[in-house]
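Colleague: I would like to go through the terms used for this model before I rely on them. Please give the value and the cut-off each time.

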Amino acid sequence: YIDGVYSETIAGENVGEGTPSDESAEDLYIGNDSTQAYTWNGYIDELRIALADRTHGWALTEYANQSDPTAFVVAGDEETYHRVKRQVWALRVPVVVPKTAVDGNLEDFPLLINGDDMPATLWSRANDNGSDIIATDSRERVTAFEMPRFDKGEEELELHAMVDMATLWPNRAAMLFANPNAPVTADASTLWGNAAGVYHLQEVSGQFLDSSLNANHGDDHVTA
């Protein structure tokens, strides 16, 4: 797949003899090999290693969401006073993904929401670290989500929320905030439960953190 569009399938054949070797304990290199002889010429922003087979529709929809999240996700008008689990969030922003943007029915899809079209009150009313932000699904139930980035000063947000996507009707979710006493509800391990590894690659230094429950954290091979 290139830019979410199927390109080709390359079939290989094992012509060797004997017992295949188990390399599961060996290191996995991304963007190079152990000798640094094949350096990737480009920029890698997001890396996900799936444990489940992904359909053509999943690949196409995920590419559309990640390549232009502002166009893919339409933020609605801000709403006030919303109660979830006996807690009150003062503000709520509904978001909609048009059914025409989705290719197939996709369960537990990690919807990427960014802060480009969010109301100004998000940056003035949310907790400084975004700890009061939660995500809800189309039925207004708290859903698994991860927020790798929230910067009030730069007005930047990256939030991934688990939602079911369909082609028959608009796909709805919401982001709630402005609750100083909100419990911590982020649940990256559930969101990425069908992944061997998820790397947002935003670290300036140190380990490249794996957001999945496997905790397969990686190091910068050049400096490690």
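Colleague: How much space lies in the second largest cavity?

Modeller: The model is predicted, and in it the second largest cavity holds about 40 Å³ of space.

Colleague: What makes Val95 a lining residue of the second largest cavity?

Modeller: A lining residue has an atom within 4 Å of a grid point. Val95 is listed in this lining, along with Val97, Leu111, Val163, Asp164, Met165, Asn171, Arg172 and Ala173, so Val95 has such an atom. By element, β4 (87-97), β8 and β9 (171-177) each supply at least two of the lining residues.

Colleague: Why are Asp164 and Arg172 counted as charged in that lining?

Modeller: Asp and Arg belong to the charged class, with Glu and Lys. The lining has two charged residues, beside six nonpolar and one polar.

Colleague: Why is the pair formed by Lys152 and Ala126 called a polar contact?

Modeller: The cut-off is 3.5 Å between N or O atoms. The side chain of Lys152 reaches the backbone oxygen of Ala126 at 2.8 Å, so the pair falls within the cut-off. The backbone oxygen of Trp123 lies 3.3 Å from a polar atom of the Lys152 side chain, so that pair also falls within 3.5 Å.

Colleague: Where does Lys152 lie, and which residues does Lys152 contact beyond its neighbours within four places in sequence?

Modeller: Lys152 is in the loop between β7 (145-151) and β8 (156-165). Beyond those neighbours, Lys152 is in contact with Trp123, Ser124, Ala126, Asn127 and Asp128.

Technical notes. Residues numbered from 1 in each chain as written. Predicted model: local features only at pLDDT ≥ 70, side-chain atom pairs only at ≥ 80, totals over all residues. Heavy atoms only, no water. Helix = DSSP H or I, 4+ residues; strand = E, 2+ residues; numbered from the N terminus. Polar contact = N/O pair within 3.5 Å; in protein donor to acceptor, adjacent residues only side chain to side chain. Contact = heavy atoms within 4.5 Å. 1 Å grid on protein atoms, 1.4 Å probe; cavity = no way out; pocket = protein on both sides within 12 Å on 5 of 7 lines; lining within 4 Å. Points joined across faces, edges and corners; volume = space filled by probe spheres on them.
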